[in-house]
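Visitor: Could you take me on a close look at the largest nonpolar core, and then at what lies around it?

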Amino acid sequence: MRDFLSMLPLQVPFEEFAGREKIAYLPRELDYAGSPGSDPENRDLIYFTSWGNLGFYYNADGIGYSDATPHLGTYDATEEELSLLEGGDVTIEIVG
């Protein structure tokens, strides 16, 4: 989604959600028109359209396809590293 890329780099606070993902709320809603939903897997970065938040999945077991979860990309971090996201602002940027 180009709209998400246009916001980067971005600093947002993260929190734990449901023992499945780390989430962060964006400063504004993304334009996701025409973006397909996804069947999230571990290490997926998604946008949850219903709440307007990012989700870094680390336990996607049992979560099926949803039109409300466009896939934004993937990440490379352990669960322990993801836990370090909580408690302060985190910078999200493209690493290439």
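Guide: Gladly, and please keep in mind that this is a predicted model. The largest nonpolar core has 21 residues, and those touching the most other members are Phe4, Phe14, Leu26, Leu54, Leu82 and Ile92. Two or more core residues come from each of the strands β1 (10-13), β4 (44-48), β5 (53-57) and β7 (89-92). In soluble globular proteins, nonpolar side chains tend to be buried together.

Let's start from Phe4. Beyond its neighbours within four places in sequence, Phe4 is in contact with Leu26, Leu30, Leu45, Leu54, Leu72 and Ile92.

Two of those partners, Leu45 and Ile92, take us to the largest pocket: they lie nearest its centre along with Thr74, Tyr75 and Glu93, among 22 lining residues. The space in this pocket is about 510 Å³. At least two lining residues come from each of α1 (2-6), β6 (71-74), α2 (79-83) and β7. By character, the lining comprises 16 nonpolar, three polar and three charged residues.

Now for a charged neighbour of the core, Lys22, found in strand β3 (residues 21-25). Lys22 counts as buried because its relative accessibility is 5%, below the 20% cut-off. Its side chain makes a polar contact of 2.6 Å with that of Glu16. Setting aside residues within four places in sequence, the contacts of Lys22 include Phe14, Leu54 and Leu82, three of the residues named above for touching the most other core members. Glu15, Glu16 and Glu86 are also among the residues in contact with Lys22.

How values were computed. Residues numbered from 1 in each chain as written. Predicted model: local features only at pLDDT ≥ 70, side-chain atom pairs only at ≥ 80, totals over all residues. Heavy atoms only, no water. Core = buried A, V, L, I, M, F, W, Y, C linked by side-chain atoms within 4.5 Å. Buried < 20%, exposed > 50% of the residue type's maximum accessible area, 1.4 Å probe, protein only. Helix = DSSP H or I, 4+ residues; strand = E, 2+ residues; numbered from the N terminus. Contact = heavy atoms within 4.5 Å. 1 Å grid on protein atoms, 1.4 Å probe; cavity = no way out; pocket = protein on both sides within 12 Å on 5 of 7 lines; lining within 4 Å. Points joined across faces, edges and corners; volume = space filled by probe spheres on them. Nonpolar A, V, L, I, M, F, W, Y, C, P; charged D, E, K, R; others polar. Polar contact = N/O pair within 3.5 Å; in protein donor to acceptor, adjacent residues only side chain to side chain.
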